[in-house]
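Trainee: Please choose one part of this model and look at it closely with me, and then carry on to other parts that can be read in a similar way. I would like each term explained when it comes up.

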Amino acid sequence: MKTTQGELRETLNAEIQAEYGSLVLKNLAIGVYSIDEKRHCVFINAAALSMLGFEKNEVLGRDQHQLFHCHRPDGSAYPNSECPIFKTVEDGVFRETEETFIRKSGESFPVKLTVTPIKQGDDLLGAVISFFDITKQKAIEQHMHNLNHLAADRAKTEAQLRLYAKVFEHSREGITITDADAAIISVNHSFSQLTGYREDEVIGQNPRILSSGRHDKDFYDQMWKEITTNGHWRGEIWNRRKDGSVYAEWLSVSRIVDVCGEVTNYIGIFGDITERKSAQDAVREAENKFRSLFERSQDAMMTINPLTGFFSSGNPAAIKLFGVANQEEFIKLSLCQVSPEYQLDGQRSEAKIKEMINIASHQVSHLFEWTHMRLDKREFPATVLMNMMEILGEQVIQATVRDITEQKKAEEAKLEAQQLQRGVIDFLPDATFVIDCNGVVLAWNKAIEVMTGVKAQDMIGKGNYEYALPFYNRRMPVLIDLARDFDAKGVKHYKSISWRHRGILVGESFAPYLPAGKAILWANASVFRDSKGEIIAAIETIRDITEQKVAEEQIQRLAYFDDLTGLPNRTLLMESANETINHARDNNEPLTLIFLDLDHFKNVNDTLGHRVGDKLLARVAERLKSSLRVQDTVFRLGGDEFIILVRDTASEGAANIAEKLLNEYTKPFNIEGHELTITPSIGIAVYPKDGQDLDTLYKCADIAMYFTKQGGRNSYRFFMPDMKEHSVRQLELENALRRALERQELQLYYQPQIAPQGEKFIGVEALLRWQHPKFGMVSPLEFIPLAEESGLILPIGEWVLQTSVNQMKVWMMQGLPIRNMAVNLSAVQFRQKNLPQLVIQLLNKAGLPAKYLELELTESVAMKEPESAVAMLDSLHDYGIRIAIDDFGTGYSSLSYLKRFRVNKLKIDQSFVRNIGTNMGDEVIIEAIISLAKSLNLRTLAEGVETEQQLDFLRKRGCEEIQGYYYSQPMPAKDISKWLEKHFTI
């Protein structure tokens, strides 16, 4: 069916709108992602990835609820049934709400989100979710809440400020206050006493004036890094007084921020610790340090009246932990009020609190676990460290409380994992047991019960495992013991023993005392260590490998002989050839290597099938053996290639053998009613003239055989030195090409295709390249004919198709605006009857719609068998695959057939484009091709465009697409996105 111009415009507009919508989604500042009906993520934009901290490939195809929406802010599970996103996918109702998402780092953050259902008719296909981070909005709301309490606290704050001023003036420690730029704005009297500087001498100065020079730049960099990161730094430092004397001081530097988080000041507190002054000064300094630690500690710290159990103070972490609004509310609480009525052991909290305080009063410190309760009645496990101490002459209990909810969860998870491991061990097919560091059995699975006849209940919790293993006969060391404490003497009991990766000891042994009889056993043992490297357990796995050993012996016999013909194989050739060559050298005897390859054997397989082909190979092998002497050996290399080692025979004798073989193969073979005549091509290399090792002789005979084939086949040739000079490269290339796919030497480069009207990016053409480790980048003009001649073009062509459609799918998933992937077809590929099915299979495997693939075939290929070409093109077109005629104008085309070809595009050959501006005849041909394409409603693409003049000529004549170095050379797939970002808006 022809496509009208209106339909083309609609399609183009739809694609533009789709690309525009994609660009908008990708560049939105808010996060957007979509899910399918199974709630798997199918799209996510950059803003969403940035907020969540994920890479795209970590999100696409994953359940978004499990990935970043599965917990509430408090860490509790968030059931699917309560999730608004899940509800919308179920009932199709639009929703707008506030939720909490979880970043990849584990950090949660509040979001405002909308969930819009995606419908097609009455079917729900999924949903689109848009969201943005409302952390700042929540912070502002909290700030407004805090302002309501500001007035009430103002009087108290003023009193505290007066107190702080008093402390500042009378502190024994030197105190320095700087502005945000670290310029000193105030120092106290102690500062002047300790440093010798008056206040007016340091105002406006940087504290570096006290630097002693004893610390390097890294020391100060680390200091400021901690201040910037943690808000404070404490440590000892050497400084210099005004009089030049150096002294050691204890220094604490803290960062002061305003309500918006901006740094306003830095406070430095220091004391001369060169000579300790007095016990009172030391106690006061310790109290100040404790107060600083108390206020800034990340752990909840508080002081408690030991008589009443009420709090007398609490640091910010404590206030936050128990969910209290401020310090004033905190000191109204007692330990009983932040504890449930009963503890986990059943004791009443009130009575147990008195017991804990009493213990702490009579010990240096008391550490215990406790169940606490927040003001909202939520309970949590904690560790509590109580110390009795004196503050300002009064005895108080100082307590440090740490929430261990996550630790408990981890312990429970570890316990569950251990239980799961024991369950897994029980169901392992191999006999397995586990012991602890004392040799007590921890696990004894069902398989070892069957092997030994000893039940688990008779073993677990006991240490007599060595007597329960009858195949050790009580005299052999158990492998698990060797793993725990390696004993070299014990190794002799094992057929083989070795250390494997990660400290696994592996060995084999003969077991004559199994209940089932004698057996060969394979075992491995390893140990588990704790964080200190101490052994805590060991595991041994035992397997009966008797049948495996029997099979290995059979495999060993088969390893040296060809299964089809019974001839020695390549492996035996490699091992025995050196011995044969050494014998010839030691006895000064000649030796001949004959390389025999069957002519056109592939035709037998292709026409009569592999079964007939295999039977023919077996009969060929029989005839070969019957034609040779007893001392001569024939080997099958594989396929239709054979090697014959002829002992004590020089050139003349080798020629006689070759003639005999040629005569033998004039007789036909009768196989399944078919009379088959197969001829050989023979190459001969003679030791020591042509080579003194197998590899050299083999290569020389192979080259001679190749020249035999080029000379008409069914003959033989001796290797000559000039053969190597003329054919080494071609032979090496052909041989290397056979392994190029396997060795991943082939790669695809991609050249952009541009619409010159509006400079719009359309797609790319996949171009095959071969990077060989020896020959470098081999030209396609050199290796493509080799591939077609050798039949390698089919697997290579399939690889090119598969790689290109897979890459196209990757680019589409990345959101790149690539809508066309052009791939060249060879004549051999185009003649494949199953080509359409193969292409569709590869497209389906990649998940790529057919409309994005464009297959290119040359004009000469299409016209070689035009009727067959029409049928093939119709089939490809019916699948939705677009077709382009490559190198148009260089061959011979029938316009009648061209009209019948269901193609979409004509590609103007670069031989015409190259002469734009210099050859009027080529310009006329280009204009004619463009005009012809328009009349047939086909698009045109010009190849090899390199100059502005060529581009301008083609644009003015209405050529829709351009390809060439003017825009870009072919490039690897990894460079396409960078090229697009540089030249086009994505």
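Mentor: Let us begin with N714, which is placed in the loop between α22 and β28 (716–718); these names refer to DSSP runs numbered from the N terminus, helices being H or I runs of at least four residues and strands being E runs of at least two. Before going further, please keep in mind that this is a predicted model, in which local features need pLDDT of at least 70 and side-chain atom pairs count only at pLDDT 80 or more, while totals for chains, interfaces and linings use all residues. Residues are numbered from 1 along each chain as its sequence is written, and side-chain values use heavy atoms, with hydrogens and water left out.

The backbone at N714 deserves a careful look, since its phi is near 50°, a positive value in a residue other than glycine. For background, most residues other than glycine have a negative phi, and most peptide bonds are trans. With a relative accessibility of 38%, N714 counts as partly exposed, a class that lies between buried (under 20% relative accessible area) and exposed (over 50%), as found with a 1.4 Å probe on protein chains only.

On the other side of α22, P688 belongs to the loop between β27 (680–687) and α22 (694–710), and the bond that joins Y687 to P688 is a cis peptide bond with omega of about 0°. A positive phi near 50° is found at E672, which is not a glycine; E672 sits in the loop between β25 (669–671) and β26 (674–676) and is partly exposed, with a relative accessible area of 38%. Helix α21 (residues 651–664) contains G653, a partly exposed residue at 26% relative accessibility, whose C-alpha atom is 9.0 Å from that of T592, although 61 residues separate the two along the chain.

From the backbone we can turn to the rings. The charged end of R623 sits over the ring of F669, 3.7 Å from its centre, where "over" requires NZ of Lys or CZ of Arg to be within 6 Å of the ring centre and within 35 degrees of the ring normal. R374 lies over the face of F380, at 4.2 Å from the ring centre.

Rings can also pair with one another: those of Phe, Tyr and Trp (its six-membered ring) form a pair if their centres lie within 6.5 Å, and the pair is stacked when the planes are under 30 degrees apart, edge-to-face when they are over 60, and tilted for the rest. By this rule there are 24 aromatic pairs. One of them joins F322 and F330, a tilted pair with 6.5 Å from centre to centre and 35° between the planes, and each of these two residues is buried. Another joins F433 and W444, whose ring centres are 5.5 Å apart and whose planes meet at 50°, so this pair is tilted. Because F433 lies in strand β16 (residues 431–436) and W444 in strand β17 (residues 441–444), the pair ties together parts that are 11 residues apart in sequence; both residues are buried. Elsewhere, ring pairs link Y33, F54, F68, F101, F109 and F131 into a cluster.

Last, consider the empty space. Rolling a probe the size of a water molecule over the atoms shows where empty space is left. A cavity is a set of points, on a 1 Å grid over the protein atoms alone, where a 1.4 Å probe fits but cannot get out, and its lining residues have an atom within 4 Å of a point. Grid points are joined across faces, edges and corners, and a volume is the space filled by probe spheres set on the points. Three cavities of 30 Å³ or more are counted, and the second largest has a volume of about 80 Å³. Among the residues that line this second largest cavity are M302, I304, L335, F368, W370 and H372. The elements that give two or more residues to its lining are β11 (300–304), α13 (349–362), β13 (366–373), β14 (379–391) and β15 (394–403), and β13 gives the most, with three residues. By type, the lining holds 11 nonpolar residues, one polar and no charged, where Ala, Val, Leu, Ile, Met, Phe, Trp, Tyr, Cys and Pro count as nonpolar, Asp, Glu, Lys and Arg as charged, and the others, Gly among them, as polar.

Note on methods. On a 1 Å grid over the protein atoms alone, a cavity is a set of points where a 1.4 Å probe fits but cannot get out, and a pocket is an open set with protein on both sides within 12 Å along at least five of seven lines; lining residues have an atom within 4 Å of a point.
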